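Please look through the structure below with its sequence beside it, and follow the paragraphs one element at a time.

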Amino acid sequence: MNVRTIVAASVFRGIQIVGFPLALVAYVLFVVKLIMYSRRSGASATLLASFYTRWMQHQLGTRRDEPCARLMMVLPNVSQLGLRLVTGPTLLAHRLTGYVPRIYRYPYEGVPPMKDQPAARTTFFDAALQRHLAGIDQLVILGAGLDTRAYRLPAGTRIRCFEVDTPKTQPFKREMLKWAGVDTTRVTYVPADLENADWFEQLVDAGFAPDKPSFFLWEAVTMYLDREAVESTLRKIAATATGSVVAFDYFSAELIEERSLFMRYARAVIRATGEPWKFGIDNTPPVRTRVAAFLESCGLSLEEQRNFGQETDRKHAMAGFVTAIV
């Protein structure tokens, strides 16, 4: 790191520290409105977990996502005042110094820590989709939430897009997309719950062709489902066309039960949304072998596995990212 970068980073952190008390109050307002709206409407509260990070990446210029930026401005479950106050110190510091904090600028050299998971997994999934784009006919986003990848594909793409999400969350998203002026004509929406066995049949009824190679994107979802639903979903994907791909992230079983103060707080917030963490994969080293065996039991072959956090004999990686092939 050169002297200019060190100075920029120091000034950046100084501005963040000065603005921290106001940002903390704003964060409370932000979370309270999010949870209250979720309880009133039934729309998922956790769908903002990845969306917020992508919005920040867009604002900081590390991942441009215009549909995401438009959506954020119309969401009724987001306190716009809270958003401006909680992000204000970071965005002001960036404009003054040009510095981007590490949490929003993956990829960088080395293994991303758990705190950088949202930006890192978005980068992993973007790269995985781009790598397989030429070989697929269909893109299926499972538990789509506020994912905007289907609206960022190249104009005139031949790929048919499907989004699967719960019957309460999906109408909310579609209404918000309309308010934001985002073109949705290339996407077929399938209202279905992944914990109900018939979601795949509903996908087929909507026009999905199981005999065509497809990419199933399943981001920030598995941890909220029970094991039976996760395994059933993977087996259904394994029964589709040869060459199809599924990309998903997961928590370790150890993380789900961890007793640290931070994880107790995180679980309390998640429980307050009504969407507790349920599923994790055994991350006992070597985790790649464990994940490969899990996928094989579901009829899939491991293509790529990355850790979030270092894996050592004493300390297990707390989460991971996977792509698997049919």
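In this predicted model, a good place to begin is the side of helix α6 where Lys178 and Trp179 are exposed. The opposite behaviour is found in Thr169, Gln170, Phe172, Lys173, Met176, Leu177 and Ala180, which are buried in α6. These buried residues cover an arc of only 155 degrees around the axis, which means that they are on the same side of α6. A general property of helices helps in reading such a pattern: an α-helix has 3.6 residues a turn, so residues three or four places apart point the same way. The helix itself runs over residues 169-180, and its 12 residues reach 17 Å from the first C-alpha to the last, close to the 16 Å expected at 1.5 Å a residue. Just after α6 comes glycine 181, which takes a positive phi of about 75 degrees.

Helix α11, residues 287-297, can be read in a similar manner. Its residues Val287, Val291, Phe294 and Leu295 are buried, and because they fall within an arc of 95 degrees when seen down the axis of α11, they line one face of the helix. Thr289 and Glu296 are exposed, and they sit on the face of α11 that is turned away from its buried side. What do the buried residues of α11 pack against? They pack against α8 as well as against the strands β5, β6 and β7. The helix lies across β5, β6 and β7, and it runs at about 140 degrees to β6. Just after α11, glycine 299 takes a positive phi, here of about 90 degrees.

From the helices we can turn to the sheet. Seven strands form an open sheet with mixed pairing, and their order is β3-β2-β1-β4-β5-β7-β6. The strands β3 (187-191) and β6 (301-308) stand at the edges with a single partner strand each, so one side of each is left without a neighbour in the sheet. On average, and with direction ignored, neighbouring strands of this sheet are turned by 15 degrees against each other. As a general point, strands of a sheet pair through backbone hydrogen bonds, either parallel or antiparallel.

Strand β1, residues 138-142, shows how this works in detail: five of its five residues are buried, so the strand is largely enclosed by the rest of the structure. Gln138, Val140 and Leu142 point one way from β1, whereas Leu139 and Ile141 point the other way, and all are buried. With β2 (residues 160-165), β1 pairs in the parallel sense over five bridges, and with β4 (residues 214-218) it pairs in the parallel sense over four bridges. Within these pairings, valine 140 stands opposite phenylalanine 162 in β2, while isoleucine 141 stands opposite glutamate 163 in β2 and opposite leucine 217 in β4. Helix α8 lies across β1, β4 and β5, running at about 165 degrees to β4.

The loop between β4 and α8 holds glutamate 219. Is this residue buried or exposed? Glutamate 219 has 8% relative accessibility, and because buried means under 20%, it counts as buried. Its side chain makes polar contacts with the side chain of arginine 121 at 3.5 Å and with the side chain of threonine 122 at 3.3 Å. Leaving aside neighbours within four places in sequence, the residues in contact with glutamate 219 include Ser50, Arg54, Phe125, Asp147, Arg149 and Asp249.

How values were computed. Residues numbered from 1 in each chain as written. Predicted model: local features only at pLDDT ≥ 70, side-chain atom pairs only at ≥ 80, totals over all residues. Heavy atoms only, no water. Buried < 20%, exposed > 50% of the residue type's maximum accessible area, 1.4 Å probe, protein only. Helix = DSSP H or I, 4+ residues; strand = E, 2+ residues; numbered from the N terminus. Pairing = 2+ DSSP bridges. Polar contact = N/O pair within 3.5 Å; in protein donor to acceptor, adjacent residues only side chain to side chain. Contact = heavy atoms within 4.5 Å. Expected span 1.5 Å × (residues − 1). Arc of directions from axis to C-beta. Axes fitted to C-alpha atoms, helices over the stretch in contact; angles between N-to-C directions.
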